[in-house]
Amino acid sequence: MKKKILICDSIASSGLKMLKKNFSVSVQPGLSEADIVKVIPDFHALIVRSQTKVTARVIKAAKSLKIIARAGIGVDNIDVGAATAAGIVVVNAPRANTLAA
């Protein structure tokens, strides 16, 4: 069974294509915190950008989550303390916007 990734903000189509080769990917942009809490229990990874807030409530509901990835610089929209306490790794892409800048 493929690991499941929830993507809550837009990412490049080339990145999405790469992920779909090895994972079951669900793209659901614009979810509210309550909506994420409802769907997150089945996912192993979560990818966000700056719009989605990953709160302690979301993390508590994430029964299978192993990693939260921020497709961009910083992690200010992710409750890193709650994720760390839950054993969930938080990563970001600090050089993601270098070419755009």
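The exercises below, each with a worked solution, concern a predicted model.

**Exercise 1. The sheet**

Determine the strand order of the open sheet, its edge strands and the average turn between neighbouring strands.

Solution. Begin with the pairing: the 5 strands are arranged as β2-β1-β3-β4-β5, and the pairing is parallel. Next, look for strands that pair on one side only; these are β2 (24-27) and β5 (89-92), the edge strands. Finally, take the axes: neighbouring strands of this sheet are turned by 20 degrees against each other on average, direction ignored.

**Exercise 2. Around strand β1**

Describe how β1 is joined to β2, which helix lies across β1, and where K4 is placed.

Solution. Strand β1 covers residues 4-7 and is connected to β2 by 4 bridges, the two strands running parallel. In this pairing, S24 of β2 is the residue opposite K4. Helix α1 (residues 13-22) lies across β1, β2 and β3 (45-48), and its direction makes about 140 degrees with β2. Return to K4: it lies over the face of F43, 4.9 Å from the ring centre. As for pairs of aromatic rings, a search of the whole structure gives 0.

**Exercise 3. The setting of R70**

Decide whether R70 is buried or exposed, and identify its polar contacts.

Solution. First locate the residue: R70 belongs to strand β4 (residues 67-70). Its relative accessibility is 10%, and because buried means under 20%, R70 counts as buried. Then examine its side chain: one polar atom lies 3.2 Å from the backbone oxygen of I73, and a polar contact of 3.4 Å links it to the side chain of D76. Beyond four places in sequence, the residues R70 touches include V48, S50, V91 and N92.

How values were computed. Residues are numbered from 1 along each chain as its sequence is written. This is a predicted model: local features need pLDDT of at least 70, side-chain atom pairs count only at pLDDT 80 or more; totals for chains, interfaces and linings use all residues. Side-chain values use heavy atoms; hydrogens and water are left out. Two strands pair if DSSP finds at least two bridges between them. Axes are lines fitted to C-alpha atoms, for helices over the stretch in contact, and angles run from 0 to 180 degrees between N-to-C directions. Contact means heavy atoms within 4.5 Å. Rings of Phe, Tyr and Trp (its six-membered ring) pair if their centres lie within 6.5 Å; planes under 30 degrees apart count as stacked, over 60 as edge-to-face and the rest as tilted. A charge sits over a ring if NZ of Lys or CZ of Arg is within 6 Å of the ring centre and within 35 degrees of the ring normal. Buried means under 20% relative accessible area, exposed over 50%, partly exposed in between (1.4 Å probe, protein chains only). A polar contact is a pair of N or O atoms within 3.5 Å; within protein, one must be able to donate a hydrogen and the other to accept it, and residues adjacent in sequence count only if both atoms are side-chain atoms.
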